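Please examine the pocket geometry and one helix packing in the model shown here.

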Amino acid sequence: MSDTPTRPAKRRRMVVKSANSGAQGRDRWILSYADFITLLFAFFVALYSISLKNSGDEQRLKETLQGVFDAVQKSVKPINIGEPIIGEPKDVEVIEAKPIPSAPPTIEENTSSAVYALLSQVVENQFSGLHTSGQISVTESADWVSLELKSGLLFGQGEYDLTNEAVALLILVANILKAHPSVILVEGNTDDLPVNSRRLVSNWHLSSLRSSSVVEELVYRGVDPKMIAPIGFSSEHPKVRNTNDFARQQNRRVILRISKREADNLYDYLFQ
């Protein structure tokens with residue numbers, strides 16, 4: 001009989017303990033919410049400080065930012081629930097931030113215009129007659145500065161060895177290219193008539209050898225070989241239709257295309 005009243009009392013004590021534990025767990029979200037509101041307030045105060053900066057009020061800016069920093073330092077401190085952690089945390093991985101690679105630099109407008117201006121000056125002052133007759137011309141686009149040389153100025157008929165006049169011209173061109181290094185593509189072009197030589201297989205062969213002769217001369221005069229390369233287009237890239245001898249003469253040409261974009265070497269410029 002004496003044991004009967006004591007058991008219900010024990011159950012009541014257990015129920016009350018469980019209710020208190022659940023209430024404590026349900027109220028933990030208030031701590032996170034209060035921390036979030038504090039940080040949000042600091043953020044808007046920082047925005048207000050920026051507006052003070054724009055208006056030139058240095059003293060108010062200093063005082064406001066100091067208050068923001070104090071509030072943030074207090075808000076970011078963790079609120080311990082339960083037993084505090086003693087000592088340093090273990091197994092913390094440190095991630096090293098890597099710098100973001102910058103975009104490839106481009107040649108400034110005044111530098112690219114200088115290349116075009118220097119080439120134009122050399123052509124007009126040293127080779128005005130050839131410029132008037134259309135044997136040599138300099139043009140500029142958004143990406144390239146182009147120096148066009150007619151094959152009759154550079155080579156004999158059906159040949160790929162440079163003439164003395166061509167060497168004299170390329171020496172002056174090489175001096176400009178050395179002073180303003182950039183990627184250079186040398187294009188060789190022919191007309192649509194088949195080659196008439198035992199040494200040459202086709203116009204592909206002739207256009208490639210002619211562009212290679214120009215590249216070899218420029219490299220010999222000091223142009224960086226990593227920045228230049230020959231290309232032979234045969235008759236597949238005509239300037240005008242091959243309808244007569246005059247038109248075919250216009251299509252037989254070598255073009256130096258000088259890029260306006262900087263690069264360490266031609267290979268990376270083309271393939272990376």
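The report below treats the largest pocket and then a helix pair.

This is a predicted model, in which local features need pLDDT of at least 70, side-chain atom pairs count only at pLDDT 80 or more, and totals for chains, interfaces and linings use all residues. Residues are numbered from 1 along each chain as its sequence is written, and side-chain values use heavy atoms, with hydrogens and water left out.

The largest pocket (an open set of points on a 1 Å grid where a 1.4 Å probe fits, with protein on both sides within 12 Å along at least five of seven lines) has a volume of about 500 Å³. Its lining (residues with an atom within 4 Å of a point) comprises 23 residues, with Gln157, Gly158, Asp191, Arg210 and Arg252 nearest the centre. Helices H6 (151–154), H8 (203–220) and H9 (245–251) each give two or more residues to this lining.

The axes of H7 (residues 164–179) and H8 come within 9 Å and cross at roughly 60°. H7 and H8 are therefore oblique to each other (neither under 35, over 145, nor 65 to 115 degrees). The contact (heavy atoms within 4.5 Å) joins Val167, Leu170, Ala174 and Leu177 of H7 to Val214, Glu217 and Leu218 of H8.

Composition by class is tabulated below.

| Site | Nonpolar | Polar | Charged |
|---|---|---|---|
| Lining of the largest pocket | 6 residues | 11 residues | 6 residues |
| Contact of H7 with H8 | 6 residues | no residues | 1 residue |

Methods. Points joined across faces, edges and corners; volume = space filled by probe spheres on them. Helix = DSSP H or I, 4+ residues; strand = E, 2+ residues; numbered from the N terminus. Nonpolar A, V, L, I, M, F, W, Y, C, P; charged D, E, K, R; others polar. Axes fitted to C-alpha atoms, helices over the stretch in contact; angles between N-to-C directions.
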